[in-house]
Each structure stands twice: as structure tokens, then as C-alpha cells.
Amino acid sequence: METSPTNQRGLQDAAALLRHSAAPAALTGAGVSRESGIPTFREAQTGLWAQYDPTELATPEAFHRNPELVWQFYQSRRADLAAIQPNPGHYALAAFETRYPDFSIITQNVDDLHERAGSKNVIRLHGRLSANKCSADCKGNPTPIDYTGIESLKPPPCPHCGAPLRPDVVWFNEMLPPREISLAGEICASADVLLVIGTSGMVSPASLLPAAARSAGAMIIEINPQISEISRIAHVHIAAPSGQALPALLRLLESTSL
């Protein structure tokens, strides 16, 4: 990676913080997935789906009105995701777990690229696109149902209650899963370094986590080609794609033992 002098200093500063870190963590956003070719939610509304407003595709009310339409939209997104692979940034983050056994990734992304790259400690704030649950939460919220590989133009019924299945993702007008947001808060409160990667810092409540981590004493390292809402509180800003910056940061860390 050819880096500017500013980014080279940023990488060196970030490596210095991480060499002395005992409890780093990461928060990842849409920019990390976009580098693998995954469009954002609105970018995914192309072709047939461009004619629809998000409220027709990603709200509980939309699913109640037209479950088949919503199901077909998410089936198309799942089919697109199947051909996409993790990028070097995902693999670099997985390698952090070998250096820091308690390293966790808090992600706003609904793909499974972190796990496919080898990360195990992943906290999903917005759910997982590949998973399904009962729309009635008949056995508790959530009630996960494994229908992996089933091709259907309409949502299959829950085997417990018969209610239609839905994707296990957080829609507009829904609360984030309380267990995950609570765990994310605990991680940020105990982290001494928080990597904030590829997120605009504009989607609440995930956008509140970096400030909470900083208030608790964490050093904030932002990796984002653009200036974001996080930039003003970051101790280090690396203006580069995560697929370039994270492997370079990992190489610096590996050149000096902890």
C-alpha cells in the first residue's frame, strides 16, 4: 500500500497504541462491506427494487402488508451475498483475535463476512441477513428457525406456530436487540483502544458507542477514507480504505512483539 506521509504517521501512531493495549475492540460499519462489493441498503435497491421506498421493504408494517414482496427482496440480497468474499480488512481483523484473545468486533453489518474471514467474537447490532426467525417470536425474541438453502417465493411457515418466517435483521422502526447492544456497551466501557472502521457515525445508537468508549478512557482509532462524525473525537484518523489500512497496521504490529 502506497501511503501518504499523514497516513503513515497515523498507522505508526495506531500501532503504538495497539502495542500497549490490553483490551482493544472494533466497531465496523458499511464501508468495510462495501469494499467487498456489498452495496448499502439503498444501493441494493437497483433494477426491479429501485421503484420501492424503503418503508415498502424493510419495516414490520411492510412485512405485515406484503410478506411475499419483502421476502423476495431479501432473498435477492442473499443470492447476491453468496458470491461475495471477505476482503483483506476482514482477514486482518480476524488476525487481531490471535494477538488479543478477548478482541471483539461490534458490527452494524448484516452480512457474515467477518465470520467467514475467521472472526469468532462478533456482536451483531443489526442481525444477520442469512438467518431467519419467526415473525411472531412465538418461542421468545428472537425465535431462530433454520431454513438454510430453502428457495421459496414466499416466507415459509414457522414450524412451531405457523406464522411466516422473516429475515433476522433489524428493520426500520424496530429496536436493536437488547442483549447485543448491552454487550456492545460493556465492551466499549472496558476497551482501552477502539478501532472505528468504515462507519459514518450517523446511525444511532451505534453512533454513540465511540464517544462512550472515549469517555471511559479508550483511545479512538478511526479508519475511514472520509471525514465522519467520528473524526472529531478520534485520537488517530487513517484516511484509507480498511482493506489497505488494516493489513498495513497488522504488519507494523507483527514487526514488533507485544
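Visitor: Where is the nearest side chain of opposite charge to aspartate 168, and how far away is it?

Guide: In this predicted model, that side chain belongs to lysine 133, 4.1 Å away. A salt bridge needs the charged atoms to be within 4 Å, so aspartate 168 has none, even though it is buried.

Visitor: Okay, and which strand holds aspartate 168?

Guide: Look at strand β6, residues 165-169. Leaving out neighbours within four places in sequence, aspartate 168 is in contact with His126, Gly127, Arg128, Ala131, Asn132, Lys133 and Pro142.

Visitor: How do I read a sheet, and what order do the strands around β6 take?

Guide: Here's the general idea: strands of a sheet pair through backbone hydrogen bonds, either parallel or antiparallel. In this case, three strands form an open sheet, ordered β5-β4-β6, with antiparallel pairing. The edge strands are β5 (144-145) and β6, each of which pairs on one side only.

Visitor: How many bridges join β4 and β5?

Guide: Two bridges, with β4 (residues 127-134) and β5 pairing in the antiparallel sense. You've already met one residue involved: lysine 133 has proline 144 in β5 as its bridge partner. There's a helix to spot here too. Helix α4, residues 67-82, packs on the sheet and touches β4 and β6, and its direction makes about 140° with that of β4.

Visitor: Let's try parallel pairing. Which strands run parallel to β1?

Guide: Start with β7, which is joined to β1 by five bridges and runs parallel to it. Then find β2, residues 104-107: four bridges join this strand to β1, and the two also run parallel. Threonine 28 helps you see both pairings. In β7 it stands opposite isoleucine 197, while in β2 its bridge partner is threonine 107.

Visitor: Is β1 mostly covered or mostly open?

Guide: Mostly covered: five of the five residues in β1 (residues 24-28) are buried. To read a strand like this, check each face in turn. On one side you have Pro24, Ala26 and Thr28, on the other Ala25 and Leu27, and all are buried.

Visitor: What comes after β7 if I keep going across, and how many bridges are there?

Guide: You reach β8, joined to β7 (residues 193-197) by five bridges, and the two run parallel. Isoleucine 197 turns up again, this time opposite isoleucine 223 in β8. There's a helix in this story as well: β7, helix α8 (residues 209-215) and β8 make a right-handed β-α-β unit.

Visitor: Why is β8 largely enclosed by the rest of the structure?

Guide: Count its buried residues. Four of the five in β8 (residues 219-223) are buried, so the strand is largely enclosed. On to its next pairing: three bridges join β8 to β9, residues 236-238, and these strands run parallel. Find glutamate 222 and you'll see that its bridge partner in β9 is histidine 237.

Visitor: Which residues does asparagine 7 touch?

Guide: Histidine 237 is one of them. Not counting residues up to four places away in sequence, asparagine 7 touches His237, Ile238, Ala239 and Ala240. You'll find asparagine 7 in helix α1, residues 5-19.

Visitor: Why does asparagine 7 count as buried?

Guide: Buried means under 20% relative accessible area, and asparagine 7 has 9% relative accessibility, so it counts as buried.

Visitor: How far apart are asparagine 7 and glutamate 68?

Guide: In sequence, they're 61 residues apart; in space, they're 48 Å apart, C-alpha to C-alpha.

Methods: Residues are numbered from 1 along each chain as its sequence is written. This is a predicted model: local features need pLDDT of at least 70, side-chain atom pairs count only at pLDDT 80 or more; totals for chains, interfaces and linings use all residues. Side-chain values use heavy atoms; hydrogens and water are left out. Buried means under 20% relative accessible area, exposed over 50%, partly exposed in between (1.4 Å probe, protein chains only). Lys and Arg count as positive and Asp and Glu as negative; His and the chain ends are not counted. Contact means heavy atoms within 4.5 Å. Two strands pair if DSSP finds at least two bridges between them. A crossover is right-handed if, with the strands pointing away from the viewer, the path from the first strand over the helix to the second runs clockwise. Axes are lines fitted to C-alpha atoms, for helices over the stretch in contact, and angles run from 0 to 180 degrees between N-to-C directions.
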